[in-house]
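User: Please take a close look at one helix in this model and explain how it sits among its surroundings. I am new to this structure, so a connected account would help.

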Amino acid sequence: KPFAEKILALHQRIEATLGNRPGKVVSIAALEQGDQGFTYAFELARVAATHLARRVLLLGTWQSGSSTRVLQNGVARGWEAATFRNAPIAEYVHRLDEPPIAVSQINVTRDALAALTSSARFGNTLRRMRKQYDLIVVDTPPMSDGMDAVLLSPVVDGTVLIVNAGESRWQVVRNAVDQLTAQNG
């Protein structure tokens with residue numbers, strides 16, 4: 001119960017910061033290796049869908065917890081095909097019954113994310129998804145494993161950085177925040 005209360009409080013902070021409009025896109029990034037980022041992303045999606053009746057899309061990047069756990073080690077195709085080949089995005093969205101959320105994967109290779117996020121077509125795809133969902137939660141691998149959160153920071157509305165209080169060095173946290181803000185995150 002205390003963790004669920006933390007997630008509800010996180011959702012309230014997101015709502016207060018970004019407003020009550022539909023189509024919010026929030027990236028969740030852990031600072032260090034572990035499952036914290038995935039846990040927060042999945043629970044935020046679950047709580048928003050089940051307790052707050054929001055239409056939620058959990059969107060994973062390559063090797064995020066969403067792609068390796070929820071989508072059973074990812075899918076053969078990501079948003080690359082929908083973005084660059086104009087394929088219907090619905091083909092890349094999977095519905096879960098419990099929790100009642102949609103899940104999709106942005107990229108199926110590490111290198112594809114940079115090309116996707118810099119493409120105007122990706123922006124168009126994301127705008128279409130904003131119209132279908134109240135909340136899009138983007139699950140990225142830990143920042144210690146890659147730059148996914150930094151690459152996504154210009155196209156999301158905000159990034160939640162998960163740190164281990166009392167364990168994460170402030171210099172490392174400051175560096176991560178500086179990386180995100182340098183990209184207009």
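Analyst: What follows starts with helix 6 and then moves outward to the parts around it. The model is predicted.

Helix 6 covers residues 120-132, which makes 13 residues. At 1.5 Å a residue these should span 18 Å, and the end C-alpha atoms are 19 Å apart, so the length agrees with expectation. At the N-terminal end, Ser119 acts as a cap, with a side-chain oxygen 3.0 Å from the backbone nitrogen of Arg121.

Which residues of helix 6 are buried? They are Phe122, Gly123, Thr125, Leu126 and Met129. Viewed down the axis of helix 6, these buried residues fall within an arc of 160 degrees, so they line one face of the helix. The face turned away from the buried side carries Ala120 and Lys131, which are exposed.

The buried residues of helix 6 pack against several elements: strand 1 (24-30), strand 2 (56-60), helix 4 (79-84), strand 3 (93-95), helix 5 (112-117) and strand 5 (135-139). Two of these neighbours, helix 4 and strand 2, can be followed further.

The link to helix 4 includes a pair of aromatic rings. A pair of this kind is described by the distance of the centres and the angle of the planes. The model holds three aromatic pairs. One of them joins Phe3 and Tyr40, whose ring centres are 5.2 Å apart and whose planes stand at 80 degrees, so this pair is edge-to-face. In another, the ring centres of Trp79 and Phe122 lie 5.9 Å apart with the planes at 45 degrees, so that pair is tilted. Trp79 belongs to helix 4 and Phe122 to helix 6, so the pair ties together parts that are 43 residues apart in sequence. Trp79 has a relative accessible area of 0% and is therefore buried. Phe122, at 1% relative accessibility, counts as buried too.

Strand 2 is the other neighbour to follow. Five of the five residues of strand 2 are buried, so the strand is largely enclosed by the rest of the structure. In a regular strand the side chains alternate between the two faces of the sheet. Both faces of strand 2 are covered, with Val56, Leu58 and Gly60 buried on one side and Leu57 and Leu59 buried on the other. Strand 2 runs parallel to strand 5, and five bridges join them. Strand 2 also runs parallel to strand 4 (residues 102-105), to which four bridges join it. Gly60 has a partner in each of these strands: Asp139 in strand 5 and Gln105 in strand 4.

Strand 1 and strand 5 lead on to helix 1. Both strands are among the elements that the buried residues of helix 6 pack against. The buried residues of helix 1 also pack against strand 1 and strand 5, along with helix 2 and strand 6 (158-162). Helix 1 has 17 residues, which at 1.5 Å a residue should span 24 Å; the end C-alpha atoms are 24 Å apart, so the two values agree. Its buried residues are Ile7, Leu10, His11, Ile14, Glu15 and Leu18. These cover an arc of only 135 degrees around the axis, which puts them on the same side of helix 1. On the other side of helix 1, Pro2, Lys6, Gln12, Arg13, Ala16 and Thr17 are exposed. Just after helix 1, Gly19 takes a positive phi of about 90 degrees.

Glu43, found in helix 2, touches Phe3 and Ile7, leaving aside residues up to four places away in sequence. The relative accessible area of Glu43 is 17%, so this residue is buried. Its side chain makes a polar contact of 2.8 Å with the side chain of Arg46.

The loop between strand 1 and helix 2 holds Glu32. Glu32 is partly exposed, with a relative accessible area of 27%. Leaving aside residues up to four places away in sequence, Glu32 touches Pro142, Ser144, Asn164 and Ser168. Polar contacts of 3.3 Å join the side chain of Glu32 to the side chain of Asn164 and to the side chain of Ser168.

To return to the starting point, helix 6 has its buried residues on one face, and these pack against strands and helices including strand 2 and helix 4.

Technical notes:
Residues are numbered from 1 along each chain as its sequence is written. This is a predicted model: local features need pLDDT of at least 70, side-chain atom pairs count only at pLDDT 80 or more; totals for chains, interfaces and linings use all residues. Side-chain values use heavy atoms; hydrogens and water are left out. Helices (H or I, at least four residues) and strands (E, at least two) are DSSP runs, numbered from the N terminus. The expected span of a helix is 1.5 Å times one less than its number of residues. Buried means under 20% relative accessible area, exposed over 50%, partly exposed in between (1.4 Å probe, protein chains only). The arc is that of the directions from the helix axis to the C-beta atoms. Contact means heavy atoms within 4.5 Å. A polar contact is a pair of N or O atoms within 3.5 Å; within protein, one must be able to donate a hydrogen and the other to accept it, and residues adjacent in sequence count only if both atoms are side-chain atoms. Rings of Phe, Tyr and Trp (its six-membered ring) pair if their centres lie within 6.5 Å; planes under 30 degrees apart count as stacked, over 60 as edge-to-face and the rest as tilted. Two strands pair if DSSP finds at least two bridges between them.
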